[in-house]
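Colleague: Before I rely on any label attached to this protein, I would like to hear the reasoning behind it. Could we look at it together?

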Amino acid sequence: MIAMPIQTVIHICNPTLYLNSSFVPTPISKLYGTPPPPPLPQRPSRFRTCFSALLDMDSTGGQSLYPLHRCKTLHLVRHAQGIHNVEGEKNHEAYLSYDLFDAQLTPLGWKQVHNLRKHVQACGISKSIDLVIVSPLLRTMQTAVGVFGGEAYTDGVNVPPLMVANTGNSGHPAISSLNCPPFVAVELCREHLGVHPCDKRRSIREYRPLFPAIDFSLVENDDDILWKPDIRETNEEVADRGQKFLKWLWTREEKEIAIVTHSGFLFHTLSSFGNDCHPIVKSEICANFANCELRSMVFIDRSMMGSASSTTNYPGKIPNGLDLPSDVATEKLPEEGLAN
């Protein structure tokens, strides 16, 4: 791990999110008003010196180390512009209209999707992700398959498309599932439930022919029984659902995951993180997402919930050989140490 940018720990709950930051720690003289006290006259042991240095680095720099196999990389994406975004911006009461039921992307939304697709391909994300998780609503699935979908079909290749042509009256051509990660629909990452028809989904039997290569097996009910016409989820309930979703992620083996979801879900889920961070870091985590915005974060398991073994760690000492550090070996075996 390099020293800059500093990785800042967010301690609010387990598992924990990390985010890169360029925060520079305040000089100690400014914190205390006077120079730090001189060191004690006696010479500390080598262990005490090293341990004190580590404590100083951790307390002043906000740095921390975690085993790689206890981390997941999350690429969080808000869906592109939907027709409900346009109408709701004109008049907030439009969100109550059934004309916006399961809102689809606008033509501008599709342009946003194509721009993000170019970005994830240029920076290598499209080749590194192991799984795409998507909220089962029309606008999020259109965004997910448009950004992370497969390559163009070639002659003789017969794989089901991620999306058939003209889904949602988009006029958009079919999107291939060739050479792309699996897509899984998960209801835990849906938008605020209730009251607004734009956040009500269609039945799974309607979605399957439109998105043949998306896995809907984790959606328990064919019809949307979670959305209520007269009861809207509270912000606290959305945040709780977000925490359940994050805990569920540790049941997955995949280490790099794209999640295509909604602004309200992202804001209320992430707002519980970062309270012990520099304000700039907190704002990076919790700020509202723009349409088709992507933010990449590192997700840390501090509770041993996902205690899988590492695929990259190497045990060392193969073939067998001396195992003690040279200074310790010299103290315990002086003659052998001198001989070496």
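Modeller: Let me begin with one term: contact means that heavy atoms lie within 4.5 Å. Please keep in mind throughout that this is a predicted model.

Colleague: With that term in hand, what covers the buried residues of helix 8?

Modeller: The cover includes strand 3 (71-78), strand 4 (131-134), strand 7 (256-261), helix 9 and strand 8 (294-300). Among the buried residues of helix 8 itself are Val238, Gln243, Phe245 and Trp248.

Colleague: How do you know what span is expected for helix 8?

Modeller: The expected span is 1.5 Å times one less than the number of residues; helix 8 has 15 residues, and the distance from its first C-alpha to its last is 21 Å, close to the 21 Å expected.

Colleague: Why is Asp224 called buried?

Modeller: The relative accessible area of Asp224 is 8%, and buried means under 20%, so Asp224 counts as buried. Asp224 belongs to the loop between strand 6 (214-215) and helix 8 (235-249), and, leaving aside residues up to four places away in sequence, it touches Arg190, Lys200 and Arg201.

Colleague: What makes the pairing of the Asp224 and Arg190 side chains a polar contact?

Modeller: A polar contact needs a pair of N or O atoms within 3.5 Å, one able to donate a hydrogen and the other to accept it; the side chains of Asp224 and Arg190 make such a contact at 2.7 Å. The side chain of Asp224 also reaches the backbone nitrogen of Arg201, at 3.1 Å.

Colleague: Why does Ser272 count as partly exposed?

Modeller: The relative accessibility of Ser272 is 24%, and partly exposed covers values between the 20% and 50% limits, so the label follows for Ser272. Ser272 is located in the loop between helix 9 (263-270) and helix 10 (279-286), where its side chain makes a polar contact with the side chain of Gln243 at 3.2 Å, while a polar atom of that Ser272 side chain lies 3.3 Å from the backbone oxygen of Thr269.

Colleague: Cys292 and Asn166 have been labelled too; why is Cys292 called buried, and why is Asn166 called partly exposed?

Modeller: Cys292, in the loop between helix 10 and strand 8, has 8% relative accessibility and therefore counts as buried, the limit being 20%. Asn166, in the loop between helix 6 (138-148) and strand 5 (183-185), has a relative accessible area of 38% and is therefore partly exposed. Cys292 has a positive phi of about 65° although it is not a glycine, and phi of Asn166, likewise positive, is near 65°.

Definitions and conventions: Residues are numbered from 1 along each chain as its sequence is written. This is a predicted model: local features need pLDDT of at least 70, side-chain atom pairs count only at pLDDT 80 or more; totals for chains, interfaces and linings use all residues. Side-chain values use heavy atoms; hydrogens and water are left out. Helices (H or I, at least four residues) and strands (E, at least two) are DSSP runs, numbered from the N terminus. Buried means under 20% relative accessible area, exposed over 50%, partly exposed in between (1.4 Å probe, protein chains only).
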